[in-house]
Amino acid sequence: MSHTAHIPSHRKPRRSASKIALRAGVAGGVLSTLAVAGASGPAFAAEPVTETIEMPTITADLSTQVAQSADATQQAANSYALQAEQDRAVAKAAKQAKADQALAEKKAEAKKKAEAEAKRKAEEARASRSAERTTLSTASAASDVAAPASGSVASVIAFLKAQVGDAYVMGGTGPNSWDCSGLTQAAFAQAGVSLPRVSQDQSTAGTPVSLDNLQVGDLLYWGAAGSAYHVGVYIGNGQYLDAANPSKGVVIQDLSGYPASGAVRVL
């Protein structure tokens with residue numbers, strides 16, 4: 001018997017291999033679970049921070065940028081639309097100005113042609129009157145004896161009608177402009193009758209006749225005899241010829257429109 005047999009042993013009893021393996025497995029499982037929990041814990045804790053702190057800031061900035069971009073786009077669109085409208089207005093105004101200019105040129109050309117035609121006709125009428133006057137003057141100068149009454153009246157009327165269209169000018173005595181008494185004086189001179197120069201004196205130069213008994217060639221006057229302010233010559237059919245006024249010139253008119261005050265017969 002060993003001398004130490006009576007001393008209790010302090011060595012722990014040996015565990016079986018199966019118990020050791022079981023305990024190792026349990027410990028490993030616990031450690032694995034803790035490792036997984038430790039690894040996943042920080043990840044889950046980080047997610048709320050990202051969602052509640054970082055994302056709203058990014059979203060607000062992005063919204064502001066989008067709004068600013070939209071405003072800039074709208075302003076650019078408005079500017080382009082305004083420019084387009086101005087361009088259309090300018091083009092329309094230019095087109096209208098061109099049309100107005102063409103119309104004005106056309107009217108000016110038409111007016112020029114009308115004036116040229118009027119001038120041509122006036123020259124032809126003037127030439128015709130001049131020819132008639134020359135004929136009457138020649139016939140009067142060639143006559144050595146007084147023409148009969150009918151012939152005298154005809155020469156007076158012919159002379160007067162040759163002056164139709166001439167201008168009225170105060171104090172005018174021909175050959176292309178007359179006042180009322182200047183015309184009648186020249187007309188009766190064709191028949192060898194010398195009338196006074198002014199209407200007041202002409203209104204008493206012949207034999208007074210009734211307006212109901214007028215004959216072609218009678219001298220008509222307006223106003224009182226001796227103070228008449230206008231004269232003309234009766235040419236028949238209720239008409240008379242006179243140098244009326246600056247707006248009418250020498251014309252043929254109806255007595256019904258401007259009745260005379262009296263008349264004298266000088267032929």
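How many helices and strands are there in the chain? There are four helices and eight strands, where helices (H or I, at least four residues) and strands (E, at least two) are DSSP runs, numbered from the N terminus.

Before selecting anything, note that this is a predicted model, in which local features need pLDDT of at least 70 and side-chain atom pairs count only at pLDDT 80 or more, while totals for chains, interfaces and linings use all residues. Residues are numbered from 1 along each chain as its sequence is written, and side-chain values use heavy atoms, with hydrogens and water left out.

**The whole chain**

Colour the chain by secondary structure and follow it from the N terminus, where the elements run α-α-β-β-α-α-β-β-β-β-β-β. Of the 267 residues of the chain, 24% count as buried, a word that stands for under 20% relative accessible area, with exposed meaning over 50% and partly exposed in between (1.4 Å probe, protein chains only). Contact here means heavy atoms within 4.5 Å, and among contacts between residues at least 6 apart in sequence, 53% join residues at least 24 apart.

**Strand S4**

Select residues 219-222, which make up strand S4. Leu219 and Tyr221 lie on one side of S4, Leu220 and Trp222 on the other, and all four of these residues are buried, so that both faces are covered. In a regular strand the side chains alternate between the two faces of the sheet.

Next add residues 230-236, strand S5, which runs antiparallel to S4 and is joined to it by four bridges; two strands pair if DSSP finds at least two bridges between them. Within S5, His230 is the bridge partner of Trp222. Then add strand S8, residues 262-265, which pairs with S4 in the antiparallel sense over three bridges, and in which Val264 stands opposite Leu219.

**The rings around Trp222**

Keep Trp222 in view and show the side chains of Tyr240 and Tyr258, since these residues form one aromatic cluster with Trp222. Rings of Phe, Tyr and Trp (its six-membered ring) pair if their centres lie within 6.5 Å, and planes under 30 degrees apart count as stacked, over 60 as edge-to-face and the rest as tilted. By this rule the count comes to three aromatic pairs. The rings of Trp222 and Tyr240 have their centres 5.1 Å apart and their planes at 50°, so this pair is tilted. Because Trp222 lies in strand S4 and Tyr240 in strand S6 (residues 239-245), the pair ties together parts that are 18 residues apart in sequence. Both rings belong to buried residues, with a relative accessible area of 1% for Trp222 and 0% for Tyr240.

Trp222 and Tyr258 form a stacked pair, 5.3 Å centre to centre with 15° between the planes. Tyr258 lies in the loop between strand S7 (249-254) and S8, so its pair with Trp222, in S4, ties together parts that are 36 residues apart in sequence. Tyr258, at 34% relative accessibility, counts as partly exposed.

**Helix H3 and the cores**

Move to residues 180-189, helix H3, where eight of the ten residues are buried, among them Cys180, Leu183 and Phe188. A nonpolar core is a set of buried Ala, Val, Leu, Ile, Met, Phe, Trp, Tyr and Cys residues joined through side-chain atoms within 4.5 Å. The largest such core has 25 residues, of which Leu160, Trp178, Leu183 and Phe188 touch the most other members. Helix H2 (149-162), H3, S4, S5 and S6 are the elements that give two or more residues to this core.

Finally, select Leu214, Leu255, Ala260 and Ala263, which are included in a second, separate core of nine residues.
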